[in-house]
Amino acid sequence: MSARILDGNALATRLRGQLAERTARLKEQGVEACLAVILVGDDPASAVYVRNKVAACEKAGIRSLKDVYPSDADPATVLERIRALNEDPGVHGILVQLPLPAHFDEAAILEAIRVDKDVDGFHAENVGLLSQGREAFIPCTPYGVMKMLESESVPVQGAEAVVVGRSNIVGKPMAMLLINAGATVTVCNSKTRDLAAHCRRADILVAAVGRPRFITGDLVKPGAVVIDVGINRLTEGEEAGKLCGDVDFASASQVASLITPVPGGVGPMTITMLLTNTVESAERVAARGQRA
Ligand code: NDP
């Protein structure tokens, strides 16, 4: 069997077009959706992510603010800026690019963001709301994965779903969303005994491991849906400099029914869901304004 490809670029383009229509409608109501992005330090990958987020905002008609601090910045200065953005009624989403320098208390920074502006969905209160299946900002990468499954009408309810990885950013919220959608969910980590046996049971297999081509075709159940969250830059051999996922696409695509490529799979959906969360936040503000 040769899998169909779940094209994240195409879906992201379609959804971003709809977002541009929504931001235009908001402007007619006098609300300009606005995302504030904070970058601390000079990590080149983080700088690229922030640049991409700002550019995507512009295309979707979202205003963006960008604050850049040096890697030796005083956390108090960043906290002060977050508090000011919290109070600014013109700002609908606040994002602090991770990772932060080691002298920062990441949890304290994330928790300083107002819950109703936490468009990354990392605030403990949003995490709690999500775990209770209540309305919350959903972390962008797993939210994007759910949209991809929805776009292909993949049956989630009753499915065996296996998530490889248990990070706060991807693995855990991914598992929570699948649980909320009625899947039977297994979450694997680096200590899992017999990872292969778990993976081979999965109707939906999500790889968020951070290891290039880790999930090979022999770990995939025939006909499974394989979602590759990984983004790894190869450093050796002929392919040095190329990006690849956590799934060995060549072998897994022979066994799966549907598979996301890297690049062009989950990656473009992550930024799309950040834009979605920001627009939804602005729409809530606009609706409040109309009721007032
Ligand atoms: P983390 O490093 O935070 O988490 C990796 C997880 O994989 C951990 O839970 C770890 O287990 C688990 N793991 C590591 N080795 C094994 C193993 N041998 N067997 C089973 N599990 C293992 O990574 P992230 O969750 O932040 O990211 C995962 C991947 O997704 C990365 O490639 C990252 O670049 C990518 N990513 C992509 C995004 C996108 O937009 N597409 C967004 C965010 C991340 P343990 O907890 O035991 O250490």
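User: Where in the chain does Pro-263 lie?

Analyst: In this predicted model, Pro-263 lies in the loop between strand 11 (258–259) and helix 10.

User: What makes the peptide bond that joins Val-262 and Pro-263 cis?

Analyst: The value to look at is omega, which is about 0 degrees for the bond joining Val-262 and Pro-263, and this peptide bond is cis. The peptide bond from Leu-98 to Pro-99 is also cis, with omega near 0 degrees, and Pro-99 is found in the loop between strand 4 (93–96) and helix 4 (106–112).

User: Why are helix 6 and helix 10 called roughly perpendicular?

Analyst: Helix 6 (residues 140–151) and helix 10 pack at an angle of about 105 degrees, and their axes are 8 Å apart. Angles of 65 to 115 degrees count as roughly perpendicular, and the value for this pair falls in that range, so helix 6 is roughly perpendicular to helix 10.

User: Which residues make the contact between helix 6 and helix 10?

Analyst: On the side of helix 6 the contact includes Cys-140, Tyr-143 and Lys-147, while on the side of helix 10 it includes Val-266, Thr-270 and Glu-280. By class, the residues of this contact divide into eight nonpolar, five polar and two charged.

User: Why does helix 1 get the description it has relative to helix 6?

Analyst: The axes of helix 1 (residues 8–28) and helix 6 come within 11 Å and cross at roughly 95 degrees. Set against the range of 65 to 115 degrees, this angle qualifies, and helix 1 and helix 6 are therefore roughly perpendicular to each other. Gly-8, Leu-11 and Arg-14 of helix 1 make the contact with Lys-147, Met-148 and Ser-151 of helix 6, and the classes present are two nonpolar, two polar and two charged residues.

User: What makes Arg-166 and Ser-167 polar contacts of the ligand?

Analyst: The test is a pair of N or O atoms within 3.5 Å. An N or O atom in the side chain of Arg-166 is 2.6 Å from an oxygen atom of the ligand, and a polar side-chain atom of Ser-167 lies 2.5 Å from a ligand oxygen atom, so both pairs meet the cut-off. Ile-231 takes part through its backbone, where an N or O atom lies 3.1 Å from an oxygen atom of the ligand. Taken alone, the ligand exposes 930 Å², and the protein buries 71% of that area.

User: How many residues surround the ligand, and which element gives the largest share of them?

Analyst: The ligand is surrounded by 21 residues, with Arg-166, Ser-167, Asn-189, Ser-190 and Thr-270 being the closest. Helix 10 (residues 266–291) supplies the largest share of the shell, three residues. Sorted by class, the shell holds eight nonpolar, ten polar and three charged residues.

User: What is notable about the backbone of Ser-153?

Analyst: Ser-153 has a positive phi of about 50 degrees, although this residue is not a glycine. Ser-153 is found in the loop between helix 6 and strand 5 (160–164).

User: Which residues does Pro-70 touch, leaving aside those up to four places away in sequence?

Analyst: Pro-70, found in the loop between strand 3 (63–69) and helix 3 (75–87), touches Val-40 and Gly-41. Pro-70 and Val-40 are 30 residues apart in sequence, yet their C-alpha atoms are 5.8 Å apart in space.

Definitions and conventions. Residues numbered from 1 in each chain as written. Predicted model: local features only at pLDDT ≥ 70, side-chain atom pairs only at ≥ 80, totals over all residues. Heavy atoms only, no water. Near = heavy atom within 4 Å. Polar contact = N/O pair within 3.5 Å; in protein donor to acceptor, adjacent residues only side chain to side chain. Areas by Shrake-Rupley, 256 points an atom, 1.4 Å probe, with all protein chains shown as cover. Helix = DSSP H or I, 4+ residues; strand = E, 2+ residues; numbered from the N terminus. Nonpolar A, V, L, I, M, F, W, Y, C, P; charged D, E, K, R; others polar. Axes fitted to C-alpha atoms, helices over the stretch in contact; angles between N-to-C directions. Parallel < 35°, antiparallel > 145°, perpendicular 65-115°, else oblique. Contact = heavy atoms within 4.5 Å.
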